[in-house]
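Reader: I am new to this structure and would be grateful for a close look at a single part of it. Please take the charged side chains that pair with one another, and set them in their wider context.

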Amino acid sequence: MVVIAAAAVLFVGLRRARGGGRGLKHRFGPEYDHTVARHDGDVRAAEQELRERVRLHGSVKAEPLPPGARERYVAQWAGVQEQFVESPQQAVIEADALLARLARDRGFPDGERFDEQVAALSVHHAHSVHGYRRVHTATRGQGGTEEMREAMVEARRLFDSLVAEHAADSTRNGRPASAERGNTSWALPRRHAKGSGT
């Protein structure tokens with residue numbers, strides 16, 4: 001009888017552990033795969049890190065933007081996109097700083113500590129945080145113009161999520177609300193990037 005009870009406890013424990021992994025994979029999506037890759041395929045270490053992120057940042061509540069801030073941020077992002085045509089490197093630097101300020105204004109940890117800010121963002125915006133990471137990497141001059149353009153386009157997903165009026169409506173299945181409404185200002189012109197030293 002004791003052996004049967006011990007086996008039942010072990011079975012339930014293993015099932016919960018496996019279910020936790022599936023739950024994390026569903027919650028974090030591409031961020032789950034990124035974290036596993038960063039841990040050289042060590043799923044257990046990656047899942048431990050993701051659980052720790054949820055523990056530390058799961059209770060972060062998105063703060064509403066002050067009156068007029070949303071419009072200012074949208075105008076600033078449009079300016080950064082325009083600047084990309086003439087100066088891609090400077091544009092990604094400004095996009096990185098803009099995302100850091102916007103995340104801070106929405107109640108996430110300050111962008112002074114990029115890793116902590118991205119960890120917190122990944123808990124709430126797992127499907128769009130990778131673009132911010134790519135833009136941040138591009139600020140160090142890594143990659144050509146096309147890579148910077150792709151990073152900017154991908155980072156726009158996080159920007160749209162953070163600048164959305166209602167935090168609860170900001171994403172649906174990992175897609176920003178403005179993208180669902182047919183926002184056509186996502187893409188940067190590829191033709192301008194081709195002759196720019198890739």
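To begin with one residue: does Glu150 count as buried, partly exposed or exposed, and what is its relative accessibility?

Author: The model is a predicted one, and the description that follows should be read with that in mind. Glu150 counts as partly exposed, at 34% relative accessibility. Its side chain meets that of Arg134 in a salt bridge, with 3.5 Å from N to O. Glu150 belongs to helix H8 (residues 145–163) and Arg134 to helix H7 (residues 129–138), so this pair ties together parts that lie 16 residues apart in sequence. Arg134 is likewise partly exposed, since its relative accessibility is 25%, and the cut-offs for that class are 20% and 50%.

Other salt bridges share partners: Glu31, Arg38, Glu49, Arg53 and Arg133 are joined in this way into one network. Two members of that network, Arg53 and Glu49, form a salt bridge with 2.7 Å from N to O. Both residues are in helix H3 (residues 43–57); they are 4 residues apart there, which means that about one helical turn separates them. The partners differ in how they are covered: Arg53 is buried, with a relative accessible area of 6%, whereas Glu49 counts as partly exposed at 22% relative accessibility.

Helix H3 also holds the pair Arg55 and Glu52, which are 3 residues apart and so again separated by about one helical turn. In their salt bridge, the closest N and O atoms are 2.6 Å apart. Arg55 counts as exposed, at 56% relative accessibility, while Glu52 is partly exposed, with a relative accessible area of 34%.

These pairs belong to a wider set, for a search of the whole structure finds 12 salt bridges. The protein around them has 10 helices and 2 strands. From the N terminus on, its elements run α-α-α-α-α-α-α-α-β-β-α-α. Of the 198 residues in the protein, 39% are buried, and Arg53 is one of the buried residues. The protein exposes about 11300 Å², of which carbon and sulfur atoms supply 53%. As for contacts between residues at least 6 apart in sequence, 64% of them join residues at least 24 apart.

Conventions
Residues are numbered from 1 along each chain as its sequence is written. This is a predicted model: local features need pLDDT of at least 70, side-chain atom pairs count only at pLDDT 80 or more; totals for chains, interfaces and linings use all residues. Side-chain values use heavy atoms; hydrogens and water are left out. Buried means under 20% relative accessible area, exposed over 50%, partly exposed in between (1.4 Å probe, protein chains only). Contact means heavy atoms within 4.5 Å. Accessible areas come from the Shrake-Rupley method with a 1.4 Å probe; for residues, only the protein chains shown count as cover. A salt bridge is a side-chain nitrogen of Lys or Arg within 4 Å of a carboxyl oxygen of Asp or Glu.
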